[in-house]
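Here is a short set of exercises to work through with the model open beside you. Try each task before reading its solution.

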Amino acid sequence: MSQSPFLDRSGWTPEPLDLWEPILITKEEIDAEIERLASIARPANGRRQSLIVHPRWNELGVGPGLNPGVRVTLEVLKPGEETAPIRHNSTQINFCIKGSGSTIINGKRIKYGLYDTWNFPSMATYRHINDSNDLHVRFCYSNAPLLEKLNVHIVEDAPQEPPLHVVEEKEEAKAQESIAKIVPLGDEGAFLMPYEVLINPEPVESKILHWPWQGLKGELDKLGGLDKNYRGRRLYMMWNPATGRHNGITPNFFATITIRPAGIVDRPHRHTSAAINYYFQGSGHSVVEKKRYDWKAGDLMLSAPGWGIHNHASHDEPVYELTVQDQPLMIYMESLLWQEDLKKPWRVLGTEAGFETNAEALKRKAS
Ligand SMILES: [Fe+2]
């Protein structure tokens, strides 16, 4: 008997969320895997890499990933090595955790050092080069699991680099012309869009951008000097203007670097975006869904599964951390519920007014 195409959901009510537990991958585990990747024979495509996965990734048919929507890959290159070109419609963030090197993306060379960050736009052909005398290691954060779930992750190995169709002024004018063809229906803001506009959305160039740690650190350290009573987070988001009001480094992810002076304890909060933290100086702990996790420099952590209640605390020295969240995607989908204070209701960020800190009040008090 063939299976019915109908799944009876009459009277169905949703199950409560079954959050993935936080996991901590220690510096020692990461170092051992780096050593192992450096010791194997060079693979044909030059990519010495391991996915860092959550033990539950296969349960729900998502992933492999560190959380359902984010894949973190540990990538190693020995001196003089380079990877074969590749491109795909997933977008990425690269973060250097050891040594230095270069990446060539669509012909642009990014020369990077320790703790530098850079983004990979969709369908940009790239290769990594270790042009230094030491091992280099990167974390790569990708939204590939999401595209794989949708069964549309397009990956081309060794692509024939056709240049991307770049945005020209003429085309921008054409897009404006198309918008003029949109027809209002009624007077409450509903419109009809003709096919010509549908297949030619306004193009926004997705640039390859590089955030060197040295420049960023100077700005960040100024935030470290903020008043002890400041109730926000001492961080900068590495903003890619192509992501507009969705506040991302890629259309899918934000990436922030935080300075957490010694002895700072965040207020517990939660958000539907999931957070992955990499600590690269200092030590501290997080409390996630009432369970405590201690971490130190060099540890990587799925530190907040989406909607899990959490807060972080630094111990006796300043902490630097890279945080990646799938927040821009959530904002675009109108799915970013954010509860900054657990005694107050959550808000849909990007759709209704967000939250404020006490930064202005402290400034007024100081002057
Ligand atoms: Fe958070």
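Buried means under 20% relative accessible area, exposed over 50%, and partly exposed in between, with a 1.4 Å probe and protein chains only. This is a predicted model, in which local features need pLDDT of at least 70 and side-chain atom pairs count only at pLDDT 80 or more, while totals for chains, interfaces and linings use all residues. Residues are numbered from 1 along each chain as its sequence is written, and side-chain values use heavy atoms, with hydrogens and water left out.

**Exercise 1. Place Glu 317 in the fold and decide whether it is buried, partly exposed or exposed.**

Step 1: Find the element. Glu 317 sits in the loop between β22 and β23; strands here are DSSP runs of E with at least two residues, helices are runs of H or I with at least four, and both are numbered from the N terminus.

Step 2: Classify it. Because its relative accessible area is 37%, Glu 317 is partly exposed.

Step 3: Look across the chain. Ala 262 is 55 residues away in sequence, yet the two C-alpha atoms are 4.5 Å apart. Setting aside neighbours within four places in sequence, Glu 317 is in contact (heavy atoms within 4.5 Å) with Arg 260, Ala 262, Gly 282 and Ser 283.

**Exercise 2. Describe the surroundings of Asn 311, starting from its strand.**

Step 1: Asn 311 belongs to β22. Its relative accessibility is 12%, so Asn 311 counts as buried.

Step 2: The side chain of Asn 311 reaches the backbone oxygen of Asp 266 at 2.9 Å. This falls under the heading of polar contacts: pairs of N or O atoms within 3.5 Å, where within protein one must be able to donate a hydrogen and the other to accept it, and residues adjacent in sequence count only if both atoms are side-chain atoms.

Step 3: Beyond four places in sequence, the residues that Asn 311 touches include Val 265, Arg 267, Pro 268 and His 285.

**Exercise 3. Follow the side chains along β2, then cross to β3.**

Step 1: Which residues of β2 (48-52) share a face? Arg 48, Ser 50 and Ile 52 point to one face and are buried, whereas Gln 49 and Leu 51 point to the other and are not.

Step 2: β2 runs antiparallel to β3 (residues 71-77), and five bridges join them; two strands pair if DSSP finds at least two bridges between them. Across this pairing, Gln 49 has Glu 75 as its bridge partner.

Step 3: Now inspect Glu 75. Its relative accessible area is 9%, so Glu 75 is buried. The side chain of Glu 75 makes polar contacts with the side chain of Gln 49 at 3.2 Å and with that of Arg 138 at 2.4 Å. Among the other contacts of Glu 75 are Asn 94, His 128 and His 136.

**Exercise 4. Work out the strand order of the open three-stranded sheet.**

Step 1: The order is β17-β24-β25, with antiparallel pairing.

Step 2: β17 (270-271) and β25 (347-348) are the edge strands, since each pairs on one side only.

Step 3: Two bridges link β17 to β24 (residues 337-339) in the antiparallel sense. His 271 stands opposite Trp 338 in β24.

**Exercise 5. Characterise the largest pocket.**

Step 1: Its volume is about 880 Å³. A pocket is an open set of points on a 1 Å grid over the protein atoms alone, where a 1.4 Å probe fits, with protein on both sides within 12 Å along at least five of seven lines; lining residues have an atom within 4 Å of a point. Points are joined across faces, edges and corners, and the volume is the space filled by probe spheres set on them.

Step 2: Of the 36 lining residues, Arg 233, Leu 235, Phe 254, Trp 338 and Glu 340 are the closest to the centre.

Step 3: β16 gives the most to the lining, with four residues.

Step 4: By class, the lining has twelve nonpolar, 16 polar and eight charged residues. Nonpolar covers Ala, Val, Leu, Ile, Met, Phe, Trp, Tyr, Cys and Pro; charged covers Asp, Glu, Lys and Arg; the others, Gly among them, are polar.

**Exercise 6. Where is the cis peptide bond between Gly 63 and Pro 64?**

Step 1: The bond from Gly 63 to Pro 64 is cis, with omega near 10°.

Step 2: Pro 64 lies in the loop between β2 and β3.
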